[in-house]
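Grab a coffee and work through these exercises with the model open beside you. Each one sets a task and then walks through a solution.

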Amino acid sequence: MAAEQPKPQTRKPVLLSRIEAFQDIVTTAVIIPKEDGVISVSEDRTIRVWLKRDSGQYWPSVYQTMSNSCTCMSFNPETRRLSVGMDTGGISEFILAEDYNKMTPARTYQAHQGRVMVVLFVLEMEWVLSTGQDKNFTWHCSESGQQLGSYRTAACVSGLQFDVETRHAFVGDQSGQVTILKVEQDSCSMVTTFKGHTGNVTALCWDPGQRVLFSGSSDNSIIMWDIGGRKGTAIELQGHNDKVQGLCFASHTRQLISCSSDGSIVIWNMDVTRQETPEWLDSDSCQKCEQPFFWNFKQMWDSKKIGLRQHHCRKCGQAVCGKCSSKRSTIPLMGFEFEVRVCDSCHESITEEDRAPTASFHDSKHGIVHIHYEATTGNLLTSGTDKVIKVRVPRCSPYNALVLPSIRNHSLYSFSLG
């Protein structure tokens, strides 16, 4: 049975501005902290710096046309350093003026043999990290421009995060796997890998405070990996009906903001008590009425009964038949914000309080390609398939919370990042 899409909450994000005039999709855009400005890079080969004028409209103060499509970027507000990944595999670096009205070329890195997927500038290390379609993770010295090292990944990497304290890189690839790498000045070694997604890893978000990694996927799910807990805890969130395109974490409110390609934005409160989802149990017959399942030929013959199809209760995990699991319910405290199959006895135990929604759902009104959250202003930026950038105030509130359930049927991990 298809999941029922949760209805949008009344406290929806307020649209502040729209930025248009692009000839192609904006692959990445960021809000400039402490400025009424936005930086964008696009498949139309342009890099633009938009500043808000007295009229309230954004106008480009910098307009740079590149020789090829711009695929991704990283902006460091402290140094005003802009690193732009290119479709040809290079990374072009620029320094923006203090008033953001001028952009000076600084350096070009020949990083990859194919399209640059993610680029990340790490000020503390003076490194430029990047991944490409050539399945290589590379890092360069931002001072000398020299390549310090590279690591060959099993599949094309579409997600990249870095922990400065431990020098660990988190790379998510198109096989659905997340790999943790220990990166030194001129060497790199694999710490561990873990896999919980059935689709491509499309987005990663690292919270260094709680030492938690969030991963989003084309399988529509989000997983929270408790790296710091060292107990192998992996928690799944189900709130999207399409590919997860971006993840941002608001540490001051302990809220995760996620978006998907169908335009939905979900705000999850991570600062709540949670319940674990159970493992699905195996059985040859219904664990409620003991009717045989269709592969249990012996019991079918002995009892002269037709075998039934197996289902699982999302609350208790028991293997049940359709008759014993005819009810549906939301279970927000287990992460199910839409109605899912539950056995009859569990349905009776779920109270109205248990069904209270713990996440808020919003429609961005365009297919989202990229998302960026600016913590100092609390503004949220989305770029869409309609070639439009939208800036909003999310209006996150304490009641917009989602309890995080434990992941079901996903491989666990245990290691130290010390």
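Buried means under 20% relative accessible area, exposed over 50%, and partly exposed in between (1.4 Å probe, protein chains only). This is a predicted model, where local features need pLDDT of at least 70, side-chain atom pairs count only at pLDDT 80 or more, and totals for chains, interfaces and linings use all residues. Residues are numbered from 1 along each chain as its sequence is written, and side-chain values use heavy atoms, with hydrogens and water left out.

**Exercise 1. Get the overall picture of the chain.**

Step 1: Start with the elements, taken as DSSP runs numbered from the N terminus (helices are H or I, at least four residues; strands are E, at least two). The protein chain has two helices and 32 strands.

Step 2: Now check burial. Of the 418 residues, 55% count as buried.

**Exercise 2. Describe the salt bridge of E93 and its setting.**

Step 1: Fix the criterion: a side-chain nitrogen of Lys or Arg within 4 Å of a carboxyl oxygen of Asp or Glu. The whole structure has 12 such salt bridges.

Step 2: Find the partner. E93 pairs with R81, and their closest N and O atoms are 2.8 Å apart. Because E93 sits in strand 8 (residues 90-96) and R81 in strand 7 (residues 81-86), the pair ties together parts 12 residues apart in sequence.

Step 3: Look at exposure. E93 is buried at 1% relative accessibility, and R81 is buried too, at 12%.

Step 4: Set R18 and E20 beside that pair. They also form a salt bridge, at 2.9 Å between the closest N and O atoms, but R18 is partly exposed at 39% and E20 is partly exposed at 41%.

**Exercise 3. Work out what surrounds S329.**

Step 1: Place S329: strand 27 (residues 327-331). S329 is buried, with a relative accessible area of 1%.

Step 2: List contacts, meaning heavy atoms within 4.5 Å. Beyond neighbours within four places in sequence, S329 touches several residues, including F338, V340, I350 and R355.

Step 3: Follow up R355. Its C-alpha is 7.7 Å from that of S329, although the two are 26 residues apart in sequence. Their side chains make a polar contact at 2.9 Å (N or O atoms within 3.5 Å; within protein, one must be able to donate a hydrogen and the other to accept it, and residues adjacent in sequence count only if both atoms are side-chain atoms).

**Exercise 4. Why is C324 not in a disulfide?**

Step 1: A disulfide needs two cysteine sulfur atoms within 2.5 Å.

Step 2: The closest cysteine sulfur to that of C324 belongs to C321, 3.6 Å away, so the gap is too far for a bond. The structure holds zero disulfides.
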